[in-house]
Amino acid sequence: MQTVEIMEQTFDSESNDIALYLAMSRKAEEEGHHEIASYLLNVAVDEAQHAAAFAALLGKVKDTRTNLVNMLASEVKAEKDKWKASKIASTEGHEEASQFFEKSMQDERKHKDGLKRVLSKLGKGLNQE
Ligand SMILES: [Fe+2]
Ligand SMILES: [Fe+2]
């Protein structure tokens, strides 16, 4: 029981590290530290591998069709959440955040559409938007 809890926490912290290290890698790149940027990117990829291994150990990874269906549900929600977040950020005067929520909403929509395409290639009808 404790092991599962620790693995869940580890999955979350490894996942957070991926994004943070990627952002730090970009910053190093901006500052002209190309080697450091490249190293931080490698570390981020290692963290992604750790997170992926814990995802599998925790049973978060199913057969591909089920994974695609679960991902699609998640991307549909992400698109809606980003739209709402964009409106809230705009109302509160966070223009840069609002714009980026909107840009990422478009990415979520692309993910949603891409997953639908992949799923339809697998030959199963869908009843999600
Ligand atoms: Fe790690
Ligand atoms: Fe997405």
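What volume does the largest pocket have? In this predicted model, the largest pocket has a volume of about 220 Å³.

## Largest pocket

The lining of this pocket is made up of Lys60, Val61, Asn67, Asn70, Met71 and Glu75. Sorted by class, these lining residues comprise two nonpolar, two polar and two charged residues. Glu75, one of the residues that line the pocket, also supplies donor atoms to the iron ion (ligand 2).

## Iron site of ligand 2

The iron ion (ligand 2) is coordinated at 2.0 to 2.6 Å by Glu75 (OE), which is listed twice as a donor, together with Glu108 (OE) and His111 (ND1). The arrangement counts as irregular because the four donor atoms subtend angles of 54 to 130° around the iron ion (ligand 2), whereas a tetrahedral assignment would require all angles to lie between 85 and 135 degrees. Along the sequence, the donor residues of this ion follow the spacing E-x32-E-x2-H.

Two of these donor residues, Glu108 and His111, lie in helix α4 (residues 95-121), where they are three residues apart, about one turn of the helix. Glu108 has a relative accessible area of 10% and is therefore buried, the cut-off for that class being under 20%. His111, with a relative accessibility of 39%, counts as partly exposed.

## Iron site of ligand 1

For the iron ion (ligand 1), the coordinating atoms come from Glu14 (OE), again listed twice, Glu47 (OE) and His50 (ND1), at 1.9 to 2.6 Å. Here the four donor atoms subtend angles of 53 to 134°, and the arrangement is therefore irregular. The sequence spacing of the donor residues of the iron ion (ligand 1) is E-x32-E-x2-H, which is also the pattern given for the iron ion (ligand 2).

Glu14 belongs to helix α1 (residues 2-30) and Glu47 to helix α2 (residues 34-57), so that this pair, 33 residues apart, links distant parts of the chain. Both Glu14 and Glu47 are buried.

## Domain division

The chain is divided into domain 1, which covers residues 2-57, and domain 2, which covers residues 64-128. Between the C-alpha centres of domain 1 and domain 2 there is a distance of 23 Å.

When the donor residues are placed against these bounds, Glu14, Glu47 and His50, which coordinate the iron ion (ligand 1), fall within domain 1 (2-57), while Glu75, Glu108 and His111, which coordinate the iron ion (ligand 2), fall within domain 2 (64-128).

Technical notes: Residues numbered from 1 in each chain as written. Chains lettered and ligands numbered in written order. Predicted model: local features only at pLDDT ≥ 70, side-chain atom pairs only at ≥ 80, totals over all residues. Heavy atoms only, no water. Donors = N, O, S within 2.8 Å, 3.2 Å for Na, K, Ca; no water. Tetrahedral: all angles 85-135°; square planar, octahedral: opposite > 155°, others 65-115°. Helix = DSSP H or I, 4+ residues; strand = E, 2+ residues; numbered from the N terminus. Buried < 20%, exposed > 50% of the residue type's maximum accessible area, 1.4 Å probe, protein only. 1 Å grid on protein atoms, 1.4 Å probe; cavity = no way out; pocket = protein on both sides within 12 Å on 5 of 7 lines; lining within 4 Å. Points joined across faces, edges and corners; volume = space filled by probe spheres on them. Nonpolar A, V, L, I, M, F, W, Y, C, P; charged D, E, K, R; others polar. Domains from an automatic or database assignment.
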